[in-house]
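Trainee: I'd like to learn how to read helix packing and odd backbone spots in a model. Can we walk through one together?

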Amino acid sequence: MSQISPPMRIILVGAVVLAAAWVLFLKPGGSTDTATPAATPAATPGLAGTANGPKAKTGLGRAVQAAHGASDKSDAANAAAGSQTSPPATGAVKPSTSAATTPQPATTTPAAGAKPADALLAKLPKWLQKNLDHKVVALMFTNDKAADDRRTHQAFKRAYTAHGKVVIRSVPVTKISRYGPVTQGVNVQQTPTIMVIDRDRHANTLVGYSSLDSINQAIIDGLLATDQPVKHVAYLRKLEGTCSDVRDDLFALTPPSTQKAYVHYVDRAIVRLDRLDAKVAALTPPVAYRGVDRQVKKVLAVDSKIFGSLKAAAHGNTVDTVAFRATAKKDDKLWGPLSLDLAAAGLDECR
């Protein structure tokens, strides 16, 4: 165990406590895979995170939205390996009409009653026939030769599957003809291309290199397009309201500027964390969300340990800095999957 010196204590409390809102369900969710800009999502009307959709509220949504308008071409490595193309045609998913002079890999909602006939569906691989209209399907077309393809493929394999509600499958571009009713409709122009098809057959495409964050955002958008659980599950609405109340309460605190103020700030933040613990403990989750409830409580328990260490440091007591860092690392590890589950349920305030 080591004693945190007064200067270090101020830095620690200032850096972490001022980010208390981040700890109390306001942390950015998902992967930290942000070294390279994400691929541009297709401009699907009404889709969060795109130019034509509503302004994104989540960290993932803002990440994708910020990337909109960037080049949809792969880097030089992709050009050297040779991108694959597919001629546009009418299929299960129809492209939108773009005013741009160059082709855009964009799709929109098919016209009413435009779902393909059984004969058209029969041309698709059996696994896709089985899952189409029942689950969100994420397809990645790749040649696995260029740098963009390999890096995107690594991220794609770790994509969020929503506990079985999402099916992900990578497809060699040499087998693209087997997916004609889908790929012809969205005009797959190059690799890597990721298609995320929701349960109403609306498609969103990511062209070129895609980070794990941008892939997960497209998948979450696909899930929310046909179902937003927070709107019809009482437990989730109550959890959302609880997060909102605590967040507003925490933001009402005056940011500390002195050592004495840091002590007071930490103490008051802990009171609010305890209040959140009590409110969450009082909620009764339905069977389908017991897993989420357990994860929320695990994160809160770890956060309580973190704030306990902050309180000890603020009051000049000994803190095991190694244990503190280990606890913070555990918090990050737990938060990653939980943030995706919260996003998929349509919760904004708890993120």
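Mentor: Let's go from the whole chain to its helix contacts, and then to a few single residues.

Trainee: Fine. What kind of model is this, and how many helices and strands does the protein chain have?

Mentor: It's a predicted model, so keep that in mind throughout. The protein chain has 13 helices and five strands.

Trainee: How much of the chain is buried, and how much accessible surface is there?

Mentor: Out of 351 residues, 51% count as buried. The accessible surface comes to about 16,300 Å², and carbon and sulfur atoms hold 56% of that. As for contacts, take those with a separation of 6 or more: 74% of them join residues 24 or more positions apart.

Trainee: Now the helices. How are two packed helices described?

Mentor: By the angle between their axes and the distance between those axes. Try α11 (residues 259-281) and α12 (residues 290-314): their axes come within 10 Å and cross at roughly 160 degrees.

Trainee: How do I turn that angle into a direction, parallel or antiparallel?

Mentor: Angles over 145 degrees count as roughly antiparallel, so α11 is roughly antiparallel to α12. The crossing of α11 past α12 is left-handed.

Trainee: Which residues meet there?

Mentor: On the α11 side, look for Val-263, Val-266, Ile-270, Leu-273 and Leu-276, among others. Their partners in α12 include Val-296, Leu-300, Phe-307 and Leu-310. By class, the contact of α11 with α12 has 13 nonpolar, two polar and six charged residues.

Trainee: What does α12 do with α13?

Mentor: The axes of α12 and α13 (residues 321-344) come within 9 Å and cross at roughly 150 degrees. The two helices are therefore roughly antiparallel to each other, and their crossing is left-handed. Among the α12 residues in this contact are Val-299, Val-302, Ile-306 and Leu-310, while α13 brings residues including Phe-324, Leu-334, Trp-335 and Leu-338. The class count for α12 with α13 is twelve nonpolar, three polar and six charged.

Trainee: I see Gly-308 in the model too. Where does it sit, and is it buried or exposed?

Mentor: Gly-308 belongs to helix α12. Its relative accessible area is 36%, so it is partly exposed. Eleven residues along the sequence from Gly-308 is Val-319, and the two C-alpha atoms are 9.7 Å apart.

Trainee: Which residues connect α13 with α9?

Mentor: Start with the geometry: the axes of α9 (residues 212-226) and α13 come within 9 Å and cross at roughly 35 degrees. Asn-216, Ile-220, Leu-223 and Leu-224 of α9 make the contact with Leu-340, Ala-343 and Ala-344 of α13. That contact of α9 with α13 divides into six nonpolar residues, one polar and no charged.

Trainee: On to the backbone. What do most residues and peptide bonds look like?

Mentor: Most residues other than glycine have a negative phi, and most peptide bonds are trans. Here, Asp-133 has a positive phi, near 80 degrees. Arg-201 is not a glycine either, yet its phi is positive at about 65 degrees.

Trainee: Where are Asp-133 and Arg-201?

Mentor: Asp-133 is in the loop between α6 (126-131) and β2, and Arg-201 is in the loop between β4 (193-197) and β5 (203-207). Although they are 68 residues apart in sequence, their C-alpha atoms are 6.8 Å apart.

Trainee: Are they buried or exposed?

Mentor: The cut-off for buried is under 20% relative accessible area. Arg-201, at 3%, counts as buried, whereas Asp-133, at 25%, is partly exposed.

Trainee: Which peptide bond is cis?

Mentor: The one from Thr-191 to Pro-192, with omega near -5 degrees. Pro-192 lies in the loop between α8 (180-186) and β4.

Trainee: Which residues does Thr-142 touch?

Mentor: Leaving out residues up to four places away in sequence, Thr-142 touches Asp-149, Val-171, Pro-172, Val-173 and Thr-191. So Thr-191, on one side of that cis bond, is a contact of Thr-142. Thr-142 itself is in strand β2 (residues 136-142) and is buried, with a relative accessible area of 5%.

Conventions. Residues are numbered from 1 along each chain as its sequence is written. This is a predicted model: local features need pLDDT of at least 70, side-chain atom pairs count only at pLDDT 80 or more; totals for chains, interfaces and linings use all residues. Side-chain values use heavy atoms; hydrogens and water are left out. Axes are lines fitted to C-alpha atoms, for helices over the stretch in contact, and angles run from 0 to 180 degrees between N-to-C directions. Helices (H or I, at least four residues) and strands (E, at least two) are DSSP runs, numbered from the N terminus. Angles under 35 degrees count as roughly parallel, over 145 as roughly antiparallel, 65 to 115 as roughly perpendicular and the rest as oblique. A crossing is left-handed if the near helix is turned anticlockwise from the far one by less than a right angle, and right-handed if clockwise. Contact means heavy atoms within 4.5 Å. Ala, Val, Leu, Ile, Met, Phe, Trp, Tyr, Cys and Pro count as nonpolar, Asp, Glu, Lys and Arg as charged, and the others, Gly among them, as polar. Buried means under 20% relative accessible area, exposed over 50%, partly exposed in between (1.4 Å probe, protein chains only). Accessible areas come from the Shrake-Rupley method with a 1.4 Å probe; for residues, only the protein chains shown count as cover.
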